[in-house]
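Work through the salt bridges of this predicted model. Each exercise comes with a worked solution.

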Amino acid sequence: MEVPGSSKKMIATQAEMAEAKVPLPYRDQCAHLLIPLNKCRQAEYYLPWKCEDERHTYEKCEYELVMERMLQMQKIREAQSKQTQGAQQQPIPLIPKTANA
């Protein structure tokens with residue numbers, strides 16, 4: 001399952017994510033990093049100072065995905081504003097034409 005327009009590829013398969021019980025909202029291009037992070041968290045009893053390296057790599061991956069989506073949205077908005085500006089540049093007549101003229 002590839003996400004169109006994304007530079008990152010899916011590394012973890014659906015079977016691997018299902019086996020690791022990754023929740024559906026977290027099954028994205030960074031799921032391959034979430035699986036070892038969750039295993040480490042369970043092994044270390046969710047102590048916050050443990051598994052810092054795994055957490056950092058996962059959060060960096062998620063941050064890059066968010067920034068990529070923001071860039072794509074910015075490009076879409078710029079294209080839409082160019083279209084609306086093109087429509088607004090038509091001159092508006094100061095004196096309206098009447099039906100009898």
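**Exercise 1.** Find the residue that forms a salt bridge with Lys8, and state which parts of the chain the pair ties together.

*Solution.* Start with the partner. Lys8 pairs with Glu64, and their closest N and O atoms are 2.7 Å apart. The cut-off is 4 Å, so this distance qualifies. Next, place both residues. Lys8 sits in the segment before helix H1 (14-19), while Glu64 belongs to helix H3 (residues 52-88). The pair therefore ties together parts that are 56 residues apart in sequence. Last, check accessibility. Lys8 is partly exposed at 23% relative accessible area. Glu64 is partly exposed as well, at 32%.

**Exercise 2.** Which residue forms a salt bridge with Arg55, and where do the two lie?

*Solution.* The partner is Glu59, with the closest N and O atoms 3.4 Å apart. Both residues lie in helix H3. They are four residues apart, about one turn of the helix. Now classify them. Arg55 has 30% relative accessibility, which makes it partly exposed. Glu59 has a relative accessible area of 42% and is partly exposed too.

**Exercise 3.** Test the pair Lys50 and Glu44 against the salt-bridge cut-off of 4 Å.

*Solution.* Take the distance. The closest N and O atoms of Lys50 and Glu44 are 3.9 Å apart. That is within 4 Å, so the pair counts as a salt bridge. Then take the surface values. Lys50 is partly exposed at 33%, and Glu44 is partly exposed at 29%.

**Exercise 4.** How many salt bridges does the structure hold?

*Solution.* The total is three.

Notes. Residues are numbered from 1 along each chain as its sequence is written. This is a predicted model: local features need pLDDT of at least 70, side-chain atom pairs count only at pLDDT 80 or more; totals for chains, interfaces and linings use all residues. Side-chain values use heavy atoms; hydrogens and water are left out. A salt bridge is a side-chain nitrogen of Lys or Arg within 4 Å of a carboxyl oxygen of Asp or Glu. Buried means under 20% relative accessible area, exposed over 50%, partly exposed in between (1.4 Å probe, protein chains only).
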